Amino acid sequence: MKIVDIKTFLMMAGSPDKKEGSSWSARNWCFVKVYTDEGIVGIGEGSGWPRVVQTAIEDLRPVIVGEDPTNIEKIWQKMLVSTMGNGMTGTPGSGAMNAIDMALWDIKGKALGTPVWNLLGGKVRDRIRAYGHAKTPERAIELKEQGLTAIKTGGVHRTADQVEAIRKAVGDEIDLMVDAHGPPWYNVKDAIIVGKSLEQFNLLFYEDPVPPDNVDALRRVQDNVDIPIAAGERHSHIWGVRRLIEEEIVDVVQPDTGRIGGISQMMKIAAMAEAHYISVAPHSGSLGPIAEYAAIHVLAAIPNALILERVHDDVAVRYEVTLPHIDTVDGHIEVPDKPGLGVDIDENVALAHPSQGNTTTPGKEGDGNYEPGTYNEHLYVQTRYRRQANLRPPASS
Ligand SMILES: [Mg+2]
């Protein structure tokens with residue numbers, strides 16, 4: 001079998017109504033189809049700045065056309081070496097390799113008539129536990145009523161108050177997590193202060209308490225907070241998360257199934273983590289449904305799977321573009337049994353949502369944005385003024 005062509009599909013997935021001067025978060029999904037001379041077509045998804053990923057995938061066409069798609073590791077290595085003249089590949093490069101790697105696993109499964117999880121060693125479990133997101137107790141109750149058994153809350157403004165309210169609303173039987181979103185808004189001391197205030201709530205994990213760039217900062221948080229620490233969503237390849245795992249700086253590693261480098265890299269990371277008693281909870285905050293499928297196959301096959309992040313009711317198009325779409329029943333997703341990944345996209349739906357942009361655009365000066373000393377000044381390292389306001393207890397207490 002030989003690869004004969006690839007085709008990319010870049011689509012807008014949320015916030016399509018761009019308003020001049022207002023803050024605008026533009027999310028995109030990038031899918032790839034890899035075509036073979038035997039008529040088998042593999043599907044994959046790449047994240048890590050999808051508009052750039054699309055171009056990177058197109059650039060990789062001459063690198064992979066003519067290759068036997070079942071030689072997945074050989075093709076992965078070839079893609080990395082062929083792009084190293086560009087420097088470290090970063091998440092756009094690994095996102096492109098990720099999409100192609102995923103499609104190759106899909107092709108191999110379809111060619112052999114077996115699901116991808118079977119190629120990865122077989123099933124450890126038949127269903128995957130998933131979690132949702134809630135900022136308010138009302139939303140948390142809604143998710144609990146939908147059957148979810150684990151809920152993550154986020155944000156940095158008086159986080160302990162937010163968690164306490166949600167814990168009271170949903171009870172002790174629901175697992176709770178906190179994501180500080182690797183923020184510029186905490187420094188190490190702030191992250192430790194907040195972490196200590198969260199210890200009483202029996203959290204499943206405390207995620208990205210500091211930005212991901214400085215691993216030593218995360219080490220200090222890990223050493224001072226008695227909650228399992230989770231991180232890894234913005235890194236690429238085994239090398240991006242190597243120190244987090246080898247130095248046991250995280251208890252939960254969170255590779256993003258769209259930009260970590262593919263199913264091949266996910267499996268290697270899971271094995272590295274297993275040796276350190278670290279569990280795996282793939283990130284999928286900004287991912288589309290094809291990457292979710294890939295995560296399900298990986299989590300079905302690895303022993304140290306903790307839970308899958310799911311943004312299950314963000315945009316309706318999530319359920320229009322994928323065939324079949326994923327359902328969460330009693331907080332779990334059934335592992336699919338069809339050959340390959342067991343999913344396809346509706347190309348017409350993808351084409352009907354053209355990309356309009358792919359960054360978070362701040363508003364104009366004078367409308368509250370860029371105000372010195374506030375979140376809106378958009379500095380990666382915030383002033384103490386704003387951080388202190390976030391940590392300060394309410395005036396009434
Ligand atoms: Mg996160």
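**Helix α10, two helix pairs and some unusual backbone geometry**

In helix α10, the residues that end up buried are His237, Gly240, Val241 and Leu244. Looking down the axis of α10, these buried residues sit within an arc of 110 degrees, so they line one face of the helix. Turn to the other side of α10 and the picture flips: Trp239 and Glu246 are exposed there. The cover over the buried residues of α10 includes three helices' worth of names worth keeping in mind, α4 (90-112), α9 (215-224) and α11 (263-274), along with the strands β9 (229-231) and β10 (252-253). All of this comes from a predicted model.

His237 deserves a second look. Helix α10 spans residues 237-246, and His237 belongs to it. Although His237 is not a glycine, its phi is positive, at about 65 degrees. That is worth flagging because most residues other than glycine have a negative phi. As for its surroundings, His237 has 24 other C-beta atoms within 10 Å, and since 20 or more is enough to count as buried, His237 is buried. Just past the helix there is another case: α10 is followed by Glu248, and the phi of Glu248 is positive too, near 50 degrees.

Stepping back to the chain as a whole, there are 15 helices and 16 strands. Of the 397 residues in the protein chain, 48% are buried. Among contacts with a separation of 6 or more, 72% are between residues 24 or more positions apart.

Helix α4, which has already turned up as part of the cover over α10, also packs against helix α3 (residues 72-83). The axes of α3 and α4 are 10 Å apart, and the angle between the two helices is about 160 degrees. An angle over 145 degrees counts as roughly antiparallel, and α3 and α4 are therefore roughly antiparallel to each other. The crossing of α3 past α4 is right-handed. On the α3 side, the contact is made by Ile72, Ile75, Trp76, Met79, Leu80 and Thr83, and on the α4 side by Gly93, Met97, Ile100, Asp101, Leu104, Trp105 and Lys108. Sorted by class, the contact of α3 with α4 comes out at nine nonpolar, two polar and two charged residues.

A second helix pair is formed by α6 (residues 137-145) and α7 (residues 159-170), whose axes come within 9 Å and cross at roughly 40 degrees. The crossing of α6 and α7 is right-handed. Here Pro137, Ala140, Ile141 and Lys144 of α6 meet Ala165, Ile166, Ala169 and Val170 of α7. The residues of this contact split into seven nonpolar, no polar and one charged.

Finally, the loop between β13 (322-323) and β14 (332-334) holds a couple of backbone oddities. Pro324 lies in this loop, and the peptide bond joining Leu323 and Pro324 is cis, with omega about -10 degrees. Most peptide bonds, by contrast, are trans. Asp330 is also placed in the loop between β13 and β14, and Asp330 has a positive phi of about 50 degrees without being a glycine. In terms of burial, Asp330 has 10 C-beta neighbours inside 10 Å and so counts as exposed, whereas His237, with its own positive phi, is buried.

Technical notes
Residues are numbered from 1 along each chain as its sequence is written. This is a predicted model: local features need pLDDT of at least 70, side-chain atom pairs count only at pLDDT 80 or more; totals for chains, interfaces and linings use all residues. Helices (H or I, at least four residues) and strands (E, at least two) are DSSP runs, numbered from the N terminus. A residue is buried if 20 or more other C-beta atoms lie within 10 Å of its own, exposed if 12 or fewer, and partly exposed in between; C-beta atoms are placed from the backbone. Two residues are in contact if their C-beta atoms, placed from the backbone, lie within 7 Å. Axes are lines fitted to C-alpha atoms, for helices over the stretch in contact, and angles run from 0 to 180 degrees between N-to-C directions. A crossing is left-handed if the near helix is turned anticlockwise from the far one by less than a right angle, and right-handed if clockwise. Ala, Val, Leu, Ile, Met, Phe, Trp, Tyr, Cys and Pro count as nonpolar, Asp, Glu, Lys and Arg as charged, and the others, Gly among them, as polar. The arc is that of the directions from the helix axis to the C-beta atoms. Angles under 35 degrees count as roughly parallel, over 145 as roughly antiparallel, 65 to 115 as roughly perpendicular and the rest as oblique.
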